[in-house]
Amino acid sequence: MGTRQQDDFYEAVNEDWIAQAVIPNDKSRTGGFIDLADEIEELMLATTDKWLAGEDVPDDKVLSNFIKYHHLASDWETRNELGTQPVKPLIARYQNYDSFAEFANDITSLEKAGLPNALPLGIAPDFKDAQTYVLWADAMSTILPDTTYYEPGHPQGADLLKTWRSSQEALLAKFDFNTDEIKDLLDKAIAFDARVAKVVLSQEESAEYVKLYKPYKWADFTALAPELPLNEVVTAMIGEEPDMVVVPEERFWHAADQFFSEEAWPLLKATLIISIVNAYTGYLSDDVRVLGGAYGRALSGTPEAKSQKKSAYYLAEGPFNQALGLWYAHKMFSSEAKADVEDKVTKMINVYKERLQNTTWLQPATRDQAVVKLNAIKPHIGYPEKLPDYYEDKIVDEGASLLEAAQKFGRQGVAREWAKWHQTVDRDEWHMPAHMVNAYYDPQQNQIVFPAAILQAPFYSLDQSDSANYGGIGAVIAHEISHAFDTNGASFDEHGSLNNWWTDEDYAAFKERTQKVIEQFDGLDSYGAKVNGKLTVSENVADLGGLAAALAAAQREESFSAKEFFKNWATIWRMKARPELMKFFAAVDVHAPNKARTNVIVSNFSEFYETFDVQPGDNMYREPADRTMIW
């Protein structure tokens, strides 16, 4: 006898699929999103194979440069012959720095070249004025996935650090470091990493956007790192001295002397040498490529590296992903489907508006402002109208090697990012290519984006029932709309700027409801790890609001079937994953495990209980007092 829907809805809907699904050896999971991604991967590999052979080559300047780059990435004979030689001059550059001061004097040229320089500065929209780019100061990253892994007694921390060390020992040996040199480099890099881990934000802390906005006057910030030539570097990159900088990683910068000083230099130098070794493994010989990915595969439990063909494609795709996305969308996404999805988005926004206007726990002032924000949301469906202009500059020079072409793209990217300082944000640029199976809400642009790749079955199909489509893409659309009103989005106004538009009483009521969501998820088991309700709350609030709005929209259709609606919700989240990946996700992912996303969310809906006859005593049953609904 199979699993009862009343006891485990996710398992009951998906158990036949789970029994048959096989995770490919070069993947960490398979399932709803991943199955579609795998189909797209097959299409792109088959298509680009033809292009490499000179068949059906598109008449497109940008794609012709992609093909040139792909040829270089696919030339394994040359890559294997060269081995690690292309990177050795770069390694020597770091080895030749004799002091922190000498390194510091070269930071600007390292930055312009797109090379590791330990300077975690970047350009991003200002939270207080979302239409303008400003300077942000982040922190260096840790070897382990999160600061929690460094706490005494963590079940995986010590073992993962050993895994990282052994993978680096094997890799560094390929670059002609001897055993003593390797030990010295790794000892120092691990000591440096321990310093970083003590002061950087945890994933849970990073998930609270509002608390990240900490603007500093430029002079006050530079005083935190007196041995770092911040003024010279930043002035060289933007052409003038900045007025301010946003510092989300305050603890890191208040401990800057532990990282940017002559005292710290031996540890930092080792860290930089290891960084440059790891930066380009994917561009070198096949054995080095495979070794370079060993630690990542250990984190996700993936048994095998990607094939040469796949790794060459993905390497080449990186700088050209939007162009490939446009090609895919024009080939695979019909105008009929685009119009239908645009209609669904309009419907979902209208349903959401009605639900907001009928919300009884909000006062009129907050409710009206929420509707203002909703009306200002800009949807992007399928694919962007055009490629960003800078794609025209992605030219592979004649005679360039793979690494030379990659470094050119790197320099262009760095220059482009720094040039954004104090410029107006381009609200039409997408942050996902059209062939990516995903969707997103950008709180600072107040826009929702649905690439063509996700607009297919099981999420959406003109051949599926309306109820199934609402339980799939309808819920995804409304999920992204809900991000405008989740625990992060709620702090940003209709222009995407950090601005409190709530009354104190309403925000307290909102926090009370979101706390219930935290409690519903917190501590749930995921392959032996525990779900962090606080880390995942914004996504869970979006799921709850999204499914509620999608259900309300589906109920308006004459053909409405609650069974088809809820079953497709469970279907889109089906996933089979490696235990290592799920433990990793429990620590770092703002999304709850897919099974919990299905079961916990539906357990808040009275329609679910009525449709599947869920009674007290059933595992899916939640006491009415413990159920919650926000939007």
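Here is a walk through this structure, from the whole chain down to a few single residues.

What you see is a predicted model. Let us begin with the overall build. The protein chain holds 28 helices and 11 strands. Along its principal axes, the C-alpha trace spans about 70 × 60 × 50 Å. How does that fit with the length of the chain? A compact globule of 631 residues would have a radius of gyration near 25 Å, and the protein chain has 25 Å, so the two agree.

Next, look at what lies inside and what lies outside. Of the 631 residues in the protein chain, 57% are buried. The chain exposes about 26,300 Å², and carbon and sulfur atoms supply 48% of that area. Contacts tell us how the chain is brought together: among those between residues at least 6 apart in sequence, 75% join residues at least 24 apart. As for charge, there are 60 positive and 98 negative side chains in the protein chain. The centres of these two sets lie 2 Å apart.

Now let us zoom in on one element, helix α26, which covers residues 579-588. Is this helix enclosed or open? Here 7 of its 10 residues are buried, so α26 is largely enclosed by the rest of the structure. You can pick out the buried ones by name: Leu581, Met582, Phe584, Phe585, Ala586, Ala587 and Val588. What do they pack against? Their partners include three strands numbered late in the chain, β9 (525-526), β10 (529-530) and β11 (575-577). The buried residues of α26 also pack against β1 (29-31), α10 (203-206) and α16 (294-300).

From there, step back along the sequence to Glu557. This residue sits in the loop between α24 (537-554) and α25 (562-572). Which residues does Glu557 touch, once neighbours within four places in sequence are left aside? They are Lys347, Asp466 and Tyr470. With Tyr470 there is also a polar contact of 3.4 Å, joining the two side chains.

Our last stop is Ser606, found in helix α28, which runs over residues 606-612. Is Ser606 buried, exposed or something in between? Its relative accessible area is 37%, and buried means under 20% while exposed means over 50%, so Ser606 counts as partly exposed. Finally, compare its place with that of Pro624. Ser606 and Pro624 are 18 residues apart in sequence, and their C-alpha atoms are 8.8 Å apart in space.

Methods: Residues numbered from 1 in each chain as written. Predicted model: local features only at pLDDT ≥ 70, side-chain atom pairs only at ≥ 80, totals over all residues. Heavy atoms only, no water. Helix = DSSP H or I, 4+ residues; strand = E, 2+ residues; numbered from the N terminus. Buried < 20%, exposed > 50% of the residue type's maximum accessible area, 1.4 Å probe, protein only. Rg over C-alpha atoms; globule rule 2.2 N^0.38 Å. Contact = heavy atoms within 4.5 Å. Areas by Shrake-Rupley, 256 points an atom, 1.4 Å probe, with all protein chains shown as cover. Lys, Arg positive; Asp, Glu negative; His and termini not counted. Charge placed at Lys NZ, Arg CZ, Asp CG, Glu CD. Polar contact = N/O pair within 3.5 Å; in protein donor to acceptor, adjacent residues only side chain to side chain.
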